[in-house]
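Student: Please take a close look at a single place in this structure where the backbone angles deserve attention, beginning with how exposure is judged there. After that, please connect that place to the rest of the structure in one continuous account.

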Amino acid sequence: MTKIGLEIHCQLTKLESKLFCPCKANYREFEPNHNICPVCMGLPGSLPRLNQKAVESATSIALALNCQTPEKIAFFRKNYFYPDLPKNFQITQLNVYGDMSVGGEGYVEVEGKKIKIRRIQLEEDPGRLIYEGASDRTKITLVDYNRAGTPLVEIVTDPDFESPRQVRIFLNILSDLLENLGVAEPGLEGAMRADGNVSIEGGNKVEIKNIGSFHDLEKALHFELTRQQSLSERDIDIVMETRHWDDRRKITVSSRSKEEDQDYRYFLENDIPWVKIEQSTRDVLKENMPESISSKKERYVQKFGIAPQVAEIIASDRYYSQLFENSYSEQNAKDIANLITTDVIGFIDTKEKQQTSKITSKHLSDLIDAINAKTITRNSAKVALQEIVNSGKDTKLILQEMDLGQVSDSSEIDAIISQIFEDEKQAVIDAKERPETVNFLVGKVMQKTKGKADPAKTLELIKSKLSQ
Amino acid sequence: MNLNTSILKYIEDVKSGAFTVEEFTAATLQRIKEVDDDVHAYLSLNDSAMDDAKKIDQKISSGEKIGQCYGFPISIKDNICITGTKTTCASKILENFIAPYTSTVVNYLQNADAVITGKTNLDEFAMGLTTEFSAYGPTKNPWNLDYVPGGSSGGSAASVAANECLASLGSDTGGSVRNPASFCSVVGLKPTYGLISRYGLISYANSIEQIGPMTKTVKDSAFLLNIIAGQDVNDDTTIDNHNVNYLENIENGIEGKKIGIIKEMTAEGLSSEVSAATKDAIHDFESLGASCEEVTLPTIPYTVAAYYTITSTEAGSNLARYDNIRYGYEMESEGYEYNSYISKSRKKFGPEVTRRIILGGFVPSAGHAGKYFLKALKVKSKLISEINSAFEKFDYLIAPTSPVQPFRFGEKIDDPVTLMLLDYNTVTANLTGKPAISVPYRIHNGLPIGMQIMSNSLQEKSLFQAAYALETKTTLPEVPL
């Protein structure tokens, strides 16, 4: 049995300032080392000042992930030397002596399975290391402290995932949820990162670090699973270790550093007094929280009779659900939902495509109106969608320009059928003997009319011609 | 011009025109020039002190609004940052560190028109009790130059005692204000934890240390506390003191107050001179109308061990940032990789700092925290509950500030454990966060003895009343320098 767990880091980029100083949380627009101050540089004599808004954002994440949230939280120092750490310790949280981090014991539902959230903690991001002009002989590391002190939320799951695919779905749900909460922008480069841990058949756990993107995470997990399976088949022990994802070679490599043995000498960060999180604060956060994915799904199924699988797909994707929410009416909700899951998704299945797509809610409702009014066929709608995604032009204009209006005039279709009966003599004979092959002829008509012919009428006309 | 004057008297004289700020500042700088080669209280002087003084004189003569300090000269311990000036912590590792910002306390002083004379010597990173651990050479005791001035704020205490300024700001992690105050016969206050902003104070053990005023009189101490105390947005651990005026009713006396004599700090381990002085002080308190009674705090014998465990842990973490990458001293980095570079650069730490960093890597480590660090935290919380119940019964707890009088240079530096035990009577106030003040009580054989009074948290106003009452019972000679 495959067990995968995740450790996700997400920057709270929607906040104005860093976790412990007034420098900008959005450090990306600055020249290197231009978004720094005595506090985030850890200069002697400086003291951290907690950004209370960050505590609220982290708490609302905890609440959205169904976590227990404590009445007061503390911060800890994680002590280790590293060039990207200005103080050579990181201010973070710990869940050791009872509940002290912003959240714990939550869950996220993925395809009906509860993925447990072990803990959520608020901490500071370190600076960024840039390896420039590095060769084996001259190794130069540049440090940019602009990122140091950016508010970061760490989310740790139990090893509840059974496949890399489940991980991907979970991460999509999670990043939509974080974006929905208005606390993070998971699309920003480096704003959301994840490490994984993998074990098979109850064996030793291997941690994988240094993964650049979610896309790579899935690849790294696949690689690691395959590696462990092939070791196991040959009866070779799987070592408990940390492995680094080598992005160039697309493999995981055992990390020679003794990271796992490191003793972080955690102790309370006394410069930041315990923070009380009042019940009233939590109530307000809960009240202002956007609708959860599960309740959205529930609403789609209950109110509009949308199939649960369809409702799930739409509810768990922020982009699709916004398209849906803005285009449906009582009458066409089900049709719109089906159109999104059968056709729209085919054109815009990635975040990048969603960003460049020009489709709007109005396009969808117009298309459904046209289909229901039998002005166009389902097939034509699909052709039109491609053009809508690309150009964003008005639906009616596109239908006109591409000549996609439905042909339902019998004489017009009849003429086309006669032509096809002439061209496809063998098929006509076959269809007469074996009526189930009639679809070939229908297909030919559709081909000829570029899908505009009314399929029901076409079939009816062909059948009557065959029986003549 | 008499430089041996209090802040309050100085302000009166400036107001009445007896002398100008410029005259007094010039005389003070002249005094520093004359005696500081011997005393070595200062690590650096403020080049613009005279200009600052002149500006304040102009304010006075033009009738402009003037801060309540009227330009009195004050020195600052060299672990407190002032923009544009070197802050070395008496360490080679910060030899060239120029702070880009000013600490909250110095901001308050400058806004109140005090004149900063310079930065004073200390044991490296405030770790020590004699200033012998300064990387720039020790400070001498103005009462006898062969003797240590105490520490770690030895430079601050000596600068006040030698009339090289009227007051100083020190910092107190385990007695670093009170011990040198006692050794140099000045008043030293360690306030309630959180009463004074630590923003700009270079951390050693941040959970228990405070900045504290060092002055010639108890009233001056209250005057200074009025200026530097209070909540600060730059330090989340500061607390609101509701703008208490510490000078108000300072002469109210202690008639009917209850004083606890801490048995563990007075029964044994005191030199006979300190013991005799303590008995006399108790009589003085009684003659002032207070009732004195022995009280026992059974956890006290464990406090020094707990104190060094906690402070080393925090020091190990607080001093980790000195890797000589972002600031520090000149060192050729060519040929080093990260780990070898920082281990080489950190060799600049002196012996006492190195000792505590090593200890601080050990006592909270995974295999040993249960035996050391967590036990020390237990001692701390047990001590807090003991002292809180003592304060239910008593207004004040007293003991001599130091179990011994000042000693000669070199006498104890090679015996770290004996040195640590000199903190025995002072660390309790830090571990419990309570305020404590050391009041000059006697000069015996030409060397000072100080008495320590502790009160409950945020009871500084009451603490000053007791300290002032005791001060009125003493007549001390002038420093022979």
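Tutor: A residue counts as buried if 20 or more other C-beta atoms lie within 10 Å of its own, as exposed if 12 or fewer do, and as partly exposed in between. The coordinates to which this is applied belong to a predicted model. The place I would choose is A:Lys250, which has 12 C-beta neighbours inside 10 Å and therefore counts as exposed. A:Lys250 sits in the loop that runs between β12 (241-246) and β13 (251-254) of chain A, and its phi is near 55°, a positive value in a residue that is not glycine. As background, most residues other than glycine have a negative phi, and most peptide bonds are trans.

A useful counterpart is found in chain B, where B:His40, also not a glycine, takes a positive phi of about 55°. B:His40 lies in the loop between α2 (21-39) and β1 (42-45) of chain B, but B:His40 is buried, because 23 other C-beta atoms lie within 10 Å. A further positive phi, again of about 55°, belongs to A:Lys450, just after α15 of chain A.

That helix, α15(A), covers residues 438-448, and its buried residues are A:Leu441, A:Val442, A:Lys444 and A:Val445. Viewed down the helix axis, the buried residues of α15(A) fall within an arc of 155°, so they line one face of the helix. The elements that cover them include α13 (410-423), α14 (425-433) and α16 (455-466) of chain A.

Chain B also holds a departure of another kind, since the peptide bond from B:Gly151 to B:Ser152 is cis, with omega near 10°. B:Ser152 is placed in the loop between β3 (115-120) and α5 (154-161) of chain B. B:Ala157 is one of the residues with the most contacts inside the largest nonpolar core, a set of 144 residues. Not counting residues up to four places away in sequence, B:Ala157 touches B:Pro149, B:Gly150, B:Pro180, B:Ala181, B:Phe183, B:Cys184, B:Val186 and B:Met214. Apart from that core lies another, of 96 residues, with A:Leu63, A:Ile155, A:Val167 and A:Leu285 among them.

For the setting of these chain B features, the chain has 16 helices and 11 strands, and 58% of its 481 residues count as buried. Its radius of gyration is 21 Å, which agrees with the value near 23 Å that a compact globule of 481 residues would have. Among its contacts between residues at least 6 apart in sequence, 77% join residues at least 24 apart.

Returning to chain A, three of its strands form an open antiparallel sheet in the order β4-β3-β14, with β4 (89-92) and β14 (267-268) as the edge strands, each pairing on one side only. Strand β3 (residues 76-79) of chain A is joined to β14(A) by 2 bridges, and A:Phe76 has A:Leu268 as its bridge partner.

The two chains also meet, with 23 residues of chain A in contact with 32 residues of chain B. On the chain A side, the residues that touch chain B divide into 12 nonpolar, 5 polar and 6 charged.

How values were computed. Residues are numbered from 1 along each chain as its sequence is written. Chains are lettered from A and ligands numbered from 1 in the order in which they are written. This is a predicted model: local features need pLDDT of at least 70, side-chain atom pairs count only at pLDDT 80 or more; totals for chains, interfaces and linings use all residues. Helices (H or I, at least four residues) and strands (E, at least two) are DSSP runs, numbered from the N terminus. The arc is that of the directions from the helix axis to the C-beta atoms. Two residues are in contact if their C-beta atoms, placed from the backbone, lie within 7 Å. The radius of gyration is taken over C-alpha atoms; the globule rule is 2.2 Å times the number of residues to the power 0.38. A nonpolar core is a set of buried Ala, Val, Leu, Ile, Met, Phe, Trp, Tyr and Cys residues joined through C-beta atoms within 7 Å. Two strands pair if DSSP finds at least two bridges between them. Ala, Val, Leu, Ile, Met, Phe, Trp, Tyr, Cys and Pro count as nonpolar, Asp, Glu, Lys and Arg as charged, and the others, Gly among them, as polar.
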